[in-house]
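Hi,

Here is the structure I said I would pass on. Have a look at it, then read my notes underneath.

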Amino acid sequence: MDKFVIEGGHKLAGRVKISGAKNGSLAIMPATILAPGAYHLTNTPNLRDVWTMSRLLGSMGSFCELNGNDLFIDSTNLSSFEAPYEHVKKMRASFYVLGPLLARWGQAKVSLPGGCAWGPRPVDLHLKGLERLGAKVDVEKGYIMAKAKQLHGAKFHFDISSVGATGNVMMAAVLAKGTSLLTNAAIEPEITALARMLVKMGAKINGIGTTMLEIEGVHELHPVDEETIPDRIEAATYMIAVAMTGGKIELQNVNPYHLTAVVAKLEEVGCTIDVNNNNIVVEMDKDPIPSDMTTSVYPGMPTDVQAQWMALMLRAKGDSRITDNVYRDRFKHVPELQRLGAKIELTDNSAIIRGGKQLSGATVMSSDLRASASLVLAALVAEGTTELLRVYHIDRGYDSIEEKLVSLGANIKRVKTDLI
Ligand code: UD1
């Protein structure tokens, strides 16, 4: 197992190329189930979750090859409609295959994902939406068994805006007979990008980018080549990193429009930000100003940036409050940040950060992807050396994070360890 050894106290400077979006790839890869044939997905991030999705699609008979950032998928020989527990337990996004499998085969057997490191993550909306389209859904021995001879168009309202449920139901509705109207649909860029790819494949979807999707089912779709959108969460992580260490960095290959809330918040805390077509320059020459932050659905501040924002607020002299309204229990990073000397008080889904205290290096543990990112950021400004264990969590979602940080001037090494 690998750990990171991070020496704090180095300013960041230089350029960093942002990878394709993890959550973008994980949404569009399952769409290849919908139409047999060859796909070339460019700008694919080379990271564990993408490998896991490739293995899952491979286990069903698709050919998947990731060559650098070029992902080739051939779904011609896909012949199974089962997503086994061994894959789904590694990554909840595996659940995305449910809708496409049902649409292609009229049946699907997909393991229930179970719990998540930071709390409950239900899938009821995915199932209710598919039931509205005519699927019969049962749970047997930990598996969702879904069947529908022919899905039909229907109206479905998402009680809560859900990225995964919108993706799943949309992928089923594109091959249903008749018209579907999905309301309170998620508008996260990764879902909008998935909708655009489906349209390129021959789907008929109106209202893309809005919370109301009108989908007229078609008889069949065809394979396409598609470019994965840039990773807004990876970009936000590097922007917060330089806001913490001070310095100046240029992020390349970003979509600034997807980062509007993050840019505004970072300007509020004192960063100077220059936004161009597909690059952003961030400069910080002082301590950040305390600023409260509440997560919400897009275009609000993403819950996937909450932990990193907390690390930033530890640098701000004064108190700030962070509230997570999307995932109310997502605070596994708090006790680990406290091991570095952070003063944080947690009540329900809010944390008060008493910032401005110098952090000091210690051994800490990754618990989930974004929690690990916050620990890396905190380690960059901690006095002395921090050892971060279980970095496989960070490898799930950050392509080459230590190489990228080192190229910006950080001192971070990946080391093999027996400690787990
Ligand atoms: C996706 C992202 C994840 C991000 C999250 C919120 C991927 C692979 N993952 O996860 O990184 O943190 O969006 O932006 O894209 N909910 C229900 N019932 C459901 C589904 C969701 O109650 O059936 C609730 C959840 O508990 C949560 C909220 O809806 O409170 C939003 O979750 P959702 O958007 O579904 O998150 P994911 O798609 O799992």
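Below is what I found, going from the two domains down to one serine.

Just so you know, this is a predicted model. The domain assignment splits the chain into domain 1 (2–19 + 230–416) and domain 2 (22–227). Their C-alpha centres are 30 Å apart, and 24 residues of domain 1 are in contact with 20 residues of domain 2. Together the two domains bury about 1900 Å², with carbon and sulfur atoms giving 51% of that area. On the domain 1 side, Tyr298, Tyr327 and Arg396 supply 30% of the area buried against domain 2, more than any other three residues.

Arg396 turns up again in a salt bridge: it pairs with Asp49, and the closest N and O atoms are 2.8 Å apart. The count of salt bridges between the domains is two, and six residue pairs are in polar contact across the interface. On domain 1's side, the elements that give two or more residues are H12 and helix H13 (392–395). The residues of that side divide into eight nonpolar, five polar and eleven charged.

Now for Ser366, in the loop between strand E22 (363–365) and helix H12 (369–381). Is Ser366 buried or exposed? Its relative accessibility is 2%, so it counts as buried. The Ser366 side chain has a polar atom 3.0 Å from the backbone oxygen of Leu389, and it also reaches the backbone oxygen of Arg390 at 3.3 Å. Beyond its neighbours within four places in sequence, Ser366 has contacts that include Ser372, Leu375, Val391 and His393.

Cheers

Definitions and conventions. Residues are numbered from 1 along each chain as its sequence is written. This is a predicted model: local features need pLDDT of at least 70, side-chain atom pairs count only at pLDDT 80 or more; totals for chains, interfaces and linings use all residues. Side-chain values use heavy atoms; hydrogens and water are left out. Helices (H or I, at least four residues) and strands (E, at least two) are DSSP runs, numbered from the N terminus. Buried means under 20% relative accessible area, exposed over 50%, partly exposed in between (1.4 Å probe, protein chains only). A polar contact is a pair of N or O atoms within 3.5 Å; within protein, one must be able to donate a hydrogen and the other to accept it, and residues adjacent in sequence count only if both atoms are side-chain atoms. Contact means heavy atoms within 4.5 Å. Domain bounds come from an automatic or database domain assignment. Buried area is the accessible area (1.4 Å probe) that two parts lose on being put together, summed over both. A salt bridge is a side-chain nitrogen of Lys or Arg within 4 Å of a carboxyl oxygen of Asp or Glu. Ala, Val, Leu, Ile, Met, Phe, Trp, Tyr, Cys and Pro count as nonpolar, Asp, Glu, Lys and Arg as charged, and the others, Gly among them, as polar.
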